[in-house]
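Reader: I want to learn how to read a ligand site from coordinates. Where do we begin?

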Amino acid sequence: MTGTRRIEIVPSVLAGDFTRLGDEVAAMEKAGADRIQWDVMDGHFVPNLTFGPDVIAACRPHAEVLFEAHLMVERPDDLLPRYVDAGCGLIIIHAETAPHLHRTLGGVRELGARAAVALNPATPIDAVLHVLELCDMVLVMTVNPGFGGQAYITGMEAKIAALAAAIARGGHDCDIEVDGGISPATVGGAAAAGANVLVSGSALYADPEGLEHAVSELRQRATDAAQSAGAVEAAEAAPR
Ligand code: DX5
């Protein structure tokens, strides 16, 4: 990786209270979230159904941090402009759903948003090696997508490390995000392997001391692990 990558903590709205989503995103921002992830599911690519662009647009005025749209949908090209219009500054496309990934990523950037690719646990990093110059981030799924509260797949750490090495070799300016089962017990392994953007849902809401404590605990554990592993140059916590 080139330069210093900041450790960023990203709450997943999927774990929030759906009866008051605007208040939830405001609370996540107040708790120190660096970004907020919207898990968009279409009931086809994954066996679950979640947020349309109008829901996200309604919540946009309630927080200023970057909204990520994690598109777990078939035919993302049809939908992604609506998520950019809804206020998502970063669009995550699953490699498994985009036969013309190079064109799709270029299209996201043409719309003025940052572009990222997500890889299911079984999908090798080869799927992104030829489009890294078009990626602001690669998301390595640490669970099979579709639901919160699943167990972290430790075997993904070797994949994260291989991806980090490929990004460094190419001199790319590209974050590595992980998503699924990220908690105080698992965040260190992912950060030590090279991930600097950490998504968490159920673990943040399970902390008896509240969201703010949960966010800073994940940040501290990730920063300590990344620094002691030398995974990234002098990993630092995002300035608050
Ligand atoms: C799963 C989603 C994740 C999930 C994370 O498909 O992409 O963002 O909400 O939730 P936890 O942290 O509970 O695994």
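Author: Begin with residue classes. Ala, Val, Leu, Ile, Met, Phe, Trp, Tyr, Cys and Pro count as nonpolar. Asp, Glu, Lys and Arg count as charged, and the others, Gly among them, as polar. Keep in mind that this is a predicted model.

Reader: How many residues of each class are in the shell around the ligand?

Author: The shell has eleven polar, six nonpolar and two charged residues. In total, 19 residues surround the ligand. The closest are Gly146, Gly149, Asp179, Gly201 and Ser202.

Reader: Which strands supply at least two residues of that shell?

Author: β2 (35-41) and β3 (66-72) each do. β2 gives the most, with three residues.

Reader: What about polar contacts?

Author: Look for pairs of N or O atoms within 3.5 Å. Take the backbone case: an N or O atom of Gly146 is 2.7 Å from a ligand oxygen. Now the side chains. Gln37 places a polar side-chain atom 3.4 Å from an oxygen atom of the ligand. For His70, a side-chain N or O atom lies 3.5 Å from a ligand oxygen.

Reader: How much of the ligand's accessible area does the protein cover?

Author: On its own, the ligand has 380 Å² of accessible area, and the protein covers 99% of that. As for location, the ligand sits in the largest pocket.

Reader: And the overall fold?

Author: Count the elements. The protein has nine helices and nine strands. Its radius of gyration is 16 Å, close to the 18 Å from the globule rule for 240 residues, so the protein is as compact as a globular protein of that length. Along the principal axes, the C-alpha atoms fill a box of roughly 45 × 45 × 30 Å.

Conventions
Residues are numbered from 1 along each chain as its sequence is written. This is a predicted model: local features need pLDDT of at least 70, side-chain atom pairs count only at pLDDT 80 or more; totals for chains, interfaces and linings use all residues. Side-chain values use heavy atoms; hydrogens and water are left out. A residue is near a molecule or strand if one of its heavy atoms lies within 4 Å of it. A polar contact is a pair of N or O atoms within 3.5 Å; within protein, one must be able to donate a hydrogen and the other to accept it, and residues adjacent in sequence count only if both atoms are side-chain atoms. Accessible areas come from the Shrake-Rupley method with a 1.4 Å probe; for residues, only the protein chains shown count as cover. On a 1 Å grid over the protein atoms alone, a cavity is a set of points where a 1.4 Å probe fits but cannot get out, and a pocket is an open set with protein on both sides within 12 Å along at least five of seven lines; lining residues have an atom within 4 Å of a point. A molecule sits in a cavity or pocket if more than half of its atoms lie within 2 Å of its grid points. Helices (H or I, at least four residues) and strands (E, at least two) are DSSP runs, numbered from the N terminus. The radius of gyration is taken over C-alpha atoms; the globule rule is 2.2 Å times the number of residues to the power 0.38.
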